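Thank you all for making time this morning. I would like to walk through one model with you, going from an annotated site to the cores, the sheet and a few loop positions.

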Amino acid sequence: MLLEMNVKQRTIKNEVEISGVGLHTGKIVSMTIKPAPENHWFKFRRVDLEGQPEILVDADNVTDTSRGTTITQNGASVSTIEHLMASLIGLQIDNVLIDIDGPEIPILDGSSAIFVKLLEEAGFEEQDADRDYYEISNNIHYAEPDRKVEILGMPMDGYRMTCMIDFNSPVLGSQHAAITSIDDFKSEISSSRTFCFLHELEMLVDHGLIKGGDLSNAIVIVDKETSPEELQKLAHLFHKETVAVAKEGILNNNQLRYQNEPARHKLLDMVGDLALVGRPLKGHIMAARPGHAANVAFAKKIKEQIKKDKTRKKIKVYDPNMPALYDTVEIMKILPHRQPMLMVDKILELTETHVVGLKNVTMNEDLFMGHFPGAPLFPGVLQVEAMAQTGGILVLKTVPDPENWLTLFLKIENARFKAQVTPGDSVIFRCDLMEPIRRGIAKMKGVAMVGEKIVCEAELMAQIVRVNNN
């Protein structure tokens, strides 16, 4: 039994072979789940196609969410992957290769339980590499107001999921399901089966879908008056002697495993769909009325945040109290600016390709007398000016007599202001050359930070010109 979230990556000890019918295609499909090396994640290999193309389980590869989650890459697709993915995530498996000879995962009993059982029987193999968790550090929000869909990811040192469904139906109203730990997945969620409404079932049949459905792998919710003739037609279609409506408002071919089995299955789908992030997660995710499309959109939002976090990690965080390389007096020997337009208090770091400066924003700045006196903010245009002056130090240090030169703006591009700067903030400006200085022209990428937060960024082009002393 798992007691906590794993530290090390793991795969399976032995191969797992599974055969079954695809829910929508009705075709027999065979799969072999194989051990895979560290940092491999989950990949499918379509062994029935020429070249045996591989498909990575990744949100960027999703091509359809209408009746399950379908991924496509290298000209090949695999659909209805969510139940298998949920079993891998729920068992904290990180790396497997799944050989499959068809376009759809077998539906089995409509849940993850059989996958979980077979994977546990195969055993687990701990690997040397650490698990590459993405820990949600700030709230991540996704919403579809018109459909009242909302998903929120919040920081938490662990794995917790809460799901609410509400189909505005007298038979299936509001239901909730939750797990407080990844350990809960097997016992509380994995055996929850997929479900559909009777009117959806009839529509799918009429459109030649669910060819692999046999009423044993889904809960059918009866949301309308149904005649004996309609029930007999369904029984004949799915090779049953008879079907009827049970008191719970479902077809009596199945008994509910849990009173809130539909909500638990929606949570199961979320666990599986969020494997599309491509990494195990730590956080608390709360969802109202989720579905495959919303789950995938939320996975993409997490991926976007991961990219932003990686960008931030590349930026060194500086201590404003570190010793100055140049103080204000030394800066004034290089820059021509004077108060109130001198925007750099000290230089912390200087190399041939980058410079780091600091500006202490105080209430004593002249500008605050007229710039939002009741809610003083350091203007974005002056943040860019301070950034440019910091960059000017880098450029002017390339000449032996910087006091005889000026730095002039040629261009400002891609300026973005991401957070307010207020009195009391110490702003760190870092400017990096984007290419070597040529003919006195420098192109720099500038970033302004308060603590670990980026408040401003821009690309600057400047030219140094000699002061005309005549």
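In which helix does Asp-269 lie? Asp-269 belongs to helix 6, which covers residues 261–273, and I should say at once that everything I describe comes from a predicted model. I begin with this residue because the UniProt annotation "binding site", taken from an unreviewed entry, covers His-83, His-265 and Asp-269. These three positions span 187 residues in sequence, and yet no two of their C-alpha atoms are more than 9.4 Å apart, so they gather at one spot.

Let me take two of these residues in turn, starting with the one already on the screen. Asp-269 is buried, with a relative accessible area of 7%, and once its neighbours within four places in sequence are left aside, its contacts are Glu-82, His-83, His-292 and Asn-295. His-83, for its part, sits in helix 1, residues 82–90, and is buried as well, at a relative accessible area of 4%. With neighbours within four places in sequence again set aside, the residues in contact with His-83 include His-265 and Asp-269 from the annotation, and also Ile-107, Gly-110, Ser-111, Ser-112, Phe-115, Thr-194 and Leu-268.

Just ahead of helix 1 there is a loop that I would like you to look at. Ser-79 is found in this loop, between strand 8 (76–78) and helix 1, and it counts as buried because its relative accessible area is 15%, where the cut-off for buried is under 20%. Not counting neighbours within four places in sequence, Ser-79 is in contact with Thr-69, Thr-70, Pro-103, Glu-104 and Ile-105.

Another loop position is Leu-251, which lies between helix 5 (228–237) and helix 6. Leu-251 is buried, with a relative accessible area of 1%, and its C-alpha atom is separated by 6.6 Å from that of Ile-221, a residue 30 positions apart from it along the chain.

Now to the nonpolar cores. Which residues touch the most other members of the largest nonpolar core? In that core of 74 residues, they are Phe-44, Val-57, Leu-84 and Met-85, while the element that gives the most to the core is helix 7, residues 292–313, with seven residues. If we follow Met-85 outward, leaving out residues up to four places away in sequence, we find that it touches Phe-42, Phe-44, Val-57, Ile-98, Gly-272 and Ala-275. There is also a second, separate core, made of 36 residues, and among its members are Ile-393, Leu-394, Leu-396 and Ala-442.

That brings me to the sheet. Six strands form an open sheet in the order 19-20-22-23-24-21, with antiparallel pairing. Its edges are strand 19 (346–350) and strand 21 (405–417), each of which pairs on one side only, and neighbouring strands are turned against each other by 25° on average, direction ignored. Within the sheet, strand 23, residues 441–450, and strand 24, residues 453–466, pair in the antiparallel sense over ten bridges, and Ile-441 has Gln-463 of strand 24 as its bridge partner. Helix 9, residues 380–396, lies across strands 19, 20, 21, 22, 23 and 24, and it runs at about 50° to strand 24.

One loop of this sheet deserves a moment too. Thr-422 is found between strand 21 and strand 22, and at 28% relative accessibility it counts as partly exposed. The C-alpha atoms of Thr-422 and Pro-376 are separated by 6.3 Å, although the two residues are 46 positions apart along the chain. Beyond residues up to four places away in sequence, Thr-422 touches Val-361, Pro-376 and Leu-377.

Finally, the cysteines. How many disulfides does the structure hold? The number is zero. Cys-431 is in no disulfide, and the nearest cysteine sulfur, that of Cys-456, is 9.9 Å away, whereas a disulfide would need the two sulfur atoms within 2.5 Å. Cys-431 is buried, with a relative accessible area of 0%, and Cys-456 likewise counts as buried at 0% relative accessibility.

I am happy to go back to any of these views.

Notes
Residues are numbered from 1 along each chain as its sequence is written. This is a predicted model: local features need pLDDT of at least 70, side-chain atom pairs count only at pLDDT 80 or more; totals for chains, interfaces and linings use all residues. Side-chain values use heavy atoms; hydrogens and water are left out. Two strands pair if DSSP finds at least two bridges between them. Helices (H or I, at least four residues) and strands (E, at least two) are DSSP runs, numbered from the N terminus. Axes are lines fitted to C-alpha atoms, for helices over the stretch in contact, and angles run from 0 to 180 degrees between N-to-C directions. Contact means heavy atoms within 4.5 Å. A nonpolar core is a set of buried Ala, Val, Leu, Ile, Met, Phe, Trp, Tyr and Cys residues joined through side-chain atoms within 4.5 Å. Buried means under 20% relative accessible area, exposed over 50%, partly exposed in between (1.4 Å probe, protein chains only). UniProt positions are given in the numbering used here, feature names are shortened, and annotations may be inferred rather than shown by experiment.
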